[in-house]
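Please look at the sequence and the model together, and follow the chains as the paragraphs below take them up in turn.

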Amino acid sequence: MKKSRKVIASVLLALLILALFMFLDANKARYGMAYTVLQKGIIMAVVAVSMNLVTGFTGLFSLGQAGFMAIGAYVTAIFMIPAEHIQDVYYISGISPAILEFKLWLESLPSWVQAISPYFTLLLGGLVAALCAALIGIPVLRLKSDYLAIATLGFSEIVRAIISSPQMDTITNGSYGLKKIPGFSSMVQTGIIAAVCIAFMVLLLQSTYGRAFKAIREDETAAEAMGINLFKHKQLSFIIGSFFSAVAGGMLAMFMRSIDSKTFSITLTYDILLIVVIGGIGSATGSIISAILVTLSKEWWLRFFDNPLSIGGFKVPLFRTGFRMVIFSIILLVVVLFYQRGIMGKNEFSWERVGNRMKGLKDMIGSKKGGAKDV
Amino acid sequence: MSLTTFLQHSLTGISLGGSYALIAIGYTMVYGILRLINFAHGDIFMMAGYFMIFAMASLPWAISIPLVIILTVILGVSIERIAYKPLRTAPRMSIMISAIGVSYLLQNLATYLFTALPRAYPEIPFLKKIFRIGDLSASLVTLITPILTIILVFCLLFLINKTKSGMAMRAVSKDFETAQLMGIKLNNTISYTFLIGSFLAAVGSILYFTDRMSVTPFSGTLPGLKCFVAAVLGGIGSIPGAVVGGFLIGICETFLVAFGYSTFSDAFTFILLIVILLFRPTGLFGEKIIDKV
Amino acid sequence: MSNLVLRIEDITMQFGGVIAVDNLSLEINKNEIVSLIGPNGAGKTTAFNVVTGVYAPTNGAVYFKDKVITSNFPKGQMKKLYAGANKDKYTSTVKNTPDMITKLGMARTFQNIRLFKELTAFENVLIAKHMRAKANFLSASLRINHKEEKAMHEDTLKLLDILGLTDVKDEVAHSLPYGQQRHLEIARALATSPELLLLDEPAAGMNPQETDELAAFIYDLRKKFDLTIFVIEHHMDLVMDISDRIYVLDFGKLIATGTPQEIQNNQRVIDAYLGVPEDGE
């Protein structure tokens with residue numbers, strides 16, 4: 001396919017998605033379920049791509065996503081809860097005076113500052129997480145794959161313990177969690193933030209740095225012999241992955257409106273891993289497709305598994321609370337055991353591929369017709 | 001802290017450490033042979049807890065205990081057969097993801113079958129008997145745990161060092177392929193390893209939950225991770241190492257809770273892990289491995 | 001600046017009680033092709049790994065263009081175990097990681113081919129260009145470096161052309177035939193713009209015809225890229241054909257050095273390869 005046609009196709013696709021989002025924004029009341037679930041799917045897509053960046057492209061099996069998301073979510077929540085609600089939220093131990101003062105000062109600024117402050121807050125959450133990743137990366141990135149997995153998992157638990165500890169009450173509200181977090185103004189806003197994040201990661205992966213990451217995944221010794229500094233590049237991948245996980249964490253806080261430390265348990269990391277594995281380890285587009293599909297089915301389409309169901313008086317067995325998650329665990333295992341490539345394998349979406357598929361389909365129909373003629 | 005409270009906490013710590021040691025052995029043995037962190041091990045331990053609840057609902061403890069052990073062993077060995085065996089030649093990451101998948105499945109299955117609410121763990125009367133030495137008082141399980149742990153470890157060491165299947169296990173852990181060429185049945189040896197690991201997890205589970213009194217679908221996650229850290233601390237692949245690591249972590253945790261840092265007791269384990277990996281990645285008793293280029 | 005490209009000085013590599021390389025010294029001048037030969041297990045690849053920074057030697061030093069790149073002396077446990085020569089000669093530790101050494105201008109291939117298996121031939125070579133790229137991750141992601149990127153692509157295509165791999169540039173590396181994989185590894189090493197090229201058994205697994213072609217090819221490379229080449233090889237025909245000078249290792253020790261003719265007539269070398277008749281005992 002020609003380059004110009006590819007550009008046109010991409011622009012059309014983007015416009016189509018934008019139109020869908022705008023439509024949903026306009027008819028929020030009618031499509032409430034689709035609206036909420038799709039929004040969550042978009043956020044999960046950002047985390048899934050960030051996890052794939054680290055795990056699928058650089059070959060670092062990191063299980064610290066939930067921890068970084070927690071950092072992003074808490075930073076976002078702490079800075080975004082309006083000063084008027086502070087008393088309601090921090091009703092146990094009160095808020096640290098410094099934060100309150102900062103909030104009041106922020107709210108006294110002109111309205112255009114208010115308008116862009118959510119973006120800065122997300123960015124700030126990302127930066128804090130990136131800093132943590134840089135520090136934690138120094139010891140853990142020297143470890144071999146499985147030790148790295150357990151160490152990052154441990155880090156994620158440490159973050160959770162610190163957040164929920166009574167010593168942090170005046171900042172994180174300890175184990176009571178935070179609520180009354182302002183949400184997104186529209187679906188379009190969510191979509192644009194996510195698109196910018198994902199676009200940056202995809203561009204990075206296609207750049208010379210992305211190729212260096214893949215080299216490390218394929219063969220560390222050879223990569224090093226080609227002049228690629230292992231530690232520096234692993235660190236870079238880990239920091240960027242954590243940055244975007246934290247941004248997604250902040251988005252999740254805005255989406256959920258209330259968070260507590262339990263939201264960011266190991267299970268959340270496993271949920272993201274499920275998405276990455278199903279989408280294809282090493283495919284960014286696979287992660288995006290899978291994030292949307294998995295979230296939609298989990299939160300909406302397959303909800304019926306959790307409700308008792310009777311067809312014509314016959315009560316279908318097994319259907320009750322929790323069955324849905326059992327199904328998802330089995331899907332994960334089946335994919336790992338029998339279909340390791342997932343949806344996309346290591347390939348990315350491209351118009352050529354779509355074109356080839358179409359052509360293949362046409363040929364198939366054509367040959368069938370031809371075959372019929374011969375007889 | 002008075003001497004009595006100190007001793008009291010030490011006793012609790014040693015007892016907790018005993019259960020940890022039993023679970024840690026399962027991690028260290030599987031890692032020694034398959035180079036796999038068996039993420040599902042903690043959940044096998046949790047499932048053993050549920051088995052006990054249901055067994056004790058209608059059976060006396062003397063029958064329940066062996067029954068629970070047998071069920072747990074069957075669970076552990078079948079997990080290996082179904083989820084790990086097909087991936088022998090797959091990349092390391094796939095088999096790890098498979099292990100996580102099993103852990104995820106067991107947790108969700110437990111939530112589905114038994115709900116997420118805590119279930120009361122049955123009391124085994126003779127384990128709960130209170131005894132006193134001077135000012136110290138504890139239930140019998142606190143005393144039995146470390147003793148039983150030590151006895152089991154000695155049996156295990158005998159099994160591994162003196163019997164034929166033990167030799168097979170040691171051979172497989174040194175070199176997969178050569179061991180196979182020497183006529184060792186790889187799959188049987190691996191199943192045998194999972195059998196021992198699950199057996200110890202079942203015993204550990206009975207001792208651990210008797211002290212804690214309730215089980216939830218997520219009760220296995222944290223103890224599981226801590227016991228893996230214990231295995232790393234002792235030097236992964238080394239059974240005495242896992243035991244020492246288990247006791248150390250159990251004691252440290254108990255004292256942290258006693259000093260009022262209970263929220264940090266979990267975090268402490270992981271900080272410990274990162275520190276060990278940083279300064280002595282082979283643990284206290286581990287061997288060094290050189291990569292060949 | 002002297003004509004010396006590589007100087008290995010008193011290198012001893014000891015693993016526990018086993019001495020893999022014993023007090024090895026050698027020198028390579030600019031534009032020379034030098035071979036290191038010896039029976040299996042003589043310590044050739046270990047010597048390569050010391051030069052390229054994969055292993056730190058137990059004792060001794062390596063200089064690249066008069067600059068010390070590696071230097072070490074027995075430490076810790078090794079202090080007691082060390083059984084090699086020149087025990088107290090070296091007092092400083094210099095450790096460059098393999099990537100730093102490659103950056104200085106030394107590139108290598110591997111005995112058991114280590115390509116980036118799942119990537120295409122083109123990507124394999126392009127990755128080796130990364131090290132010389134000036135862009136940071138931001139400018140690379142935002143495509144501010146597109147000129148540099150374009151130059152990298154063009155250079156890669158040129159290299160693939162020289163090595164006769166243009167036709168297979170979009171094929172995945174592990175699907176290529178063995179000979180082409182060897183060529184691709186050389187292309188990848190050349191992409192790092194080296195002055196010294198280290199080839200670890202480039203003829204392993206090749207048939208006689210391919211080996212003959214390889215000899216001409218290595219000669220060609222030296223001219224085209226103004227290279228100095230250091231080869232480990234088993235294949236005597238190839239070694240005698242291409243080498244300006246040869247070093248012979250046996251049980252980690254240097255037993256002979258000289259031109260191909262000298263080596264061919266050296267009794268110790270013949271003994272090492274054919275075995276000494278054990279008379280008397």
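What follows is a walk through a predicted model, beginning with a contact between two chains and ending with a single helix.

Where chain C meets chain A, the contact draws 27 residues from chain C and 22 residues from chain A. On the chain C side, the elements that supply two or more residues are α3 (98–104), α4 (121–129) and α5 (137–141) of chain C. Sorted by character, the residues on this side of chain C comprise twelve nonpolar, six polar and nine charged.

Chain C also holds an open sheet of six strands, whose order is β7-β8-β9-β3-β10-β11 and whose pairing is mixed. At its edges lie β7 (106–108) and β11 (253–258) of chain C, each of which pairs on one side only, and from one strand to the next the twist averages 15°. Strands of a sheet pair through backbone hydrogen bonds, in either a parallel or an antiparallel manner. In the case of β10 (residues 245–250) of chain C, five bridges join this strand to β11(C), and the two run antiparallel. One bridge can be followed at the level of residues, since C:L249 has C:L254 in β11(C) as its partner.

Turning to chain A, how many residues does helix α7 (residues 145–164) have, and what length does it reach? Helix α7 of chain A has 20 residues and extends 29 Å from its first C-alpha to its last, which is close to the 28 Å expected at 1.5 Å a residue. Of the 20 residues of α7(A), 17 are buried, so this helix is largely enclosed by the rest of the structure.

Methods
Residues numbered from 1 in each chain as written. Chains lettered and ligands numbered in written order. Predicted model: local features only at pLDDT ≥ 70, side-chain atom pairs only at ≥ 80, totals over all residues. Contact = placed C-beta atoms within 7 Å. Helix = DSSP H or I, 4+ residues; strand = E, 2+ residues; numbered from the N terminus. Nonpolar A, V, L, I, M, F, W, Y, C, P; charged D, E, K, R; others polar. Pairing = 2+ DSSP bridges. Axes fitted to C-alpha atoms, helices over the stretch in contact; angles between N-to-C directions. Expected span 1.5 Å × (residues − 1). Buried ≥ 20, exposed ≤ 12 C-beta atoms within 10 Å, placed from the backbone.
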